[in-house]
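Q: Please take a close look at the salt bridges of this structure. Describe which parts of the chain they join, and set them against the rest of the fold.

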Amino acid sequence: MAEDLVLDTAIRDWVLVPLSVVMVLIGVLRYFVSKLMRSHQAPDLKVVKEGQVILRARNLRAAAGFIPAKSFRARKIYYTNEENGLLHVPKGQAQNAQAQMFSDPNLAMDMMKKNLSMIIPQTLTFAWVNFFFSGFVAAKIPFPLTHRFRGMLQNGIDLSTVDVSYVSSRSWYFLNLFGLRGLFSLILGEENAMDDTQRMMQMSGFGFDPTKSLGAEKDSIDIIQHDWTLPKLEKRAEDVLKKLVK
């Protein structure tokens, strides 16, 4: 039977609130530090052009049913033609994103700066939380949860009798680490807010390879079975009008 705990208000004042405030301040400070360390480079015109081609091809796939079959076939050939199609990439021109990154020292340096701006603050913050606040039950979630959430919410507390809805200080740190995007979007703006989940996903990659996206988009357009929806819309509108008249 899970036991109910009475949390001391001092834990709220000296553990929960300071931990949340420090996490927000570190996130804002890290944003401005990374902004100062960021090097401004002119965008590669080839990469920008290929990105715009991919967007246009995706719009064609999304709106394929709203244009006649003849128009769709003409656009399909324009994009996927094996000789001069916009989405066709010759085998000799395919680039390796990792090789491109390591061949450009500025790109590798920017990646290193981004990684350091994330790893160092979070390592120091976690060491601070683990040293001063380890073992505290910091808060209680106002709704019941299953036992599957115990490992996520009660990290650092080895008591199976405590209700799952109680959150340890170490788990509160991780919840703030991955869940402050909404607050950062209010403080820094939607375009500048990014949670650490997205940063870790960026760390796992070595750059964007547009040739792979071009090939994937070409394959997606090749397999589309065109179905013109305009006659169906007219029939549907006719059925709706008949129902209204009746």
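A: **Salt bridges and their setting**

Of the contacts in the protein with a separation of 6 or more, 71% are between residues 24 or more positions apart. The model is predicted, and its 246 residues include 29% that are buried. It has 11 helices and 2 strands, in the order α-α-α-α-α-β-α-β-α-α-α-α-α along the sequence. The accessible surface is about 16800 Å², with carbon and sulfur atoms contributing 63% of it.

In the whole structure, 7 salt bridges are found. One of them pairs E217 with R58, with 3.5 Å between the closest N and O atoms. Because E217 belongs to helix 10 (residues 210-222) and R58 to helix 2 (residues 45-62), this pair ties together parts that are 159 residues apart in sequence. The two partners have unlike surroundings: E217 is buried, since its relative accessibility is 4%, and the limit for that class is under 20%. R58, with a relative accessible area of 42%, counts as partly exposed. The pair also belongs to a wider arrangement, a network of salt bridges that links R58, R61 and E217.

Helix 10 takes part in another bridge, between E82 and K218, whose closest N and O atoms are 3.0 Å apart. E82 sits in the loop between helix 3 (69-80) and helix 4 (97-103), while K218 is in helix 10, so this pair joins parts 136 residues apart in sequence. K218 is buried, because its relative accessibility is 10%.

The bridge between K235 and D239 is local. Its closest N and O atoms are 3.1 Å apart, and both residues lie in helix 11 (residues 230-245), 4 residues apart, or about one turn of the helix. Neither partner is buried: K235 is partly exposed because its relative accessibility is 46%, and D239 is partly exposed because its value is 29%.

Helix 1 (residues 9-37) also holds a charged residue, R30. R30 is buried, as its relative accessibility of 6% shows. Its C-alpha atom is 6.5 Å from that of S117, although the two residues are 87 positions apart along the chain. Helix 1 is also the packing partner for the buried residues of helix 8.

Those buried residues of helix 8 (residues 181-188) are F184, S185 and L188. They are on the same side of helix 8, because the arc they cover around the axis is only 105°. G189 comes after helix 8 and has a positive phi, near 105°.

The surface also has a nonpolar patch of about 560 Å², made by M109, M112, L116, I119, I120 and L124. Of these, I119 is placed in helix 5 (residues 105-132). With a relative accessibility of 38%, I119 is therefore partly exposed.

An unreviewed UniProt entry annotates residues 14-33 and 119-143 as "transmembrane region". In the model, residues 14-33 are 100% helix and 0% strand, with their end C-alpha atoms 28 Å apart. For residues 119-143 the end C-alpha atoms lie 33 Å apart, and the span is 56% helix and 16% strand.

Note on methods: Residues numbered from 1 in each chain as written. Predicted model: local features only at pLDDT ≥ 70, side-chain atom pairs only at ≥ 80, totals over all residues. Heavy atoms only, no water. Patch = residues over 30% accessible without salt bridge, like charges linked within 9 Å, V, L, I, M, F, W, Y side chains within 5 Å. Areas by Shrake-Rupley, 256 points an atom, 1.4 Å probe, with all protein chains shown as cover. Salt bridge = Lys/Arg side-chain N within 4 Å of Asp/Glu carboxyl O. Buried < 20%, exposed > 50% of the residue type's maximum accessible area, 1.4 Å probe, protein only. Contact = heavy atoms within 4.5 Å. UniProt positions renumbered as here; feature names shortened; annotations may be inferred. Arc of directions from axis to C-beta.
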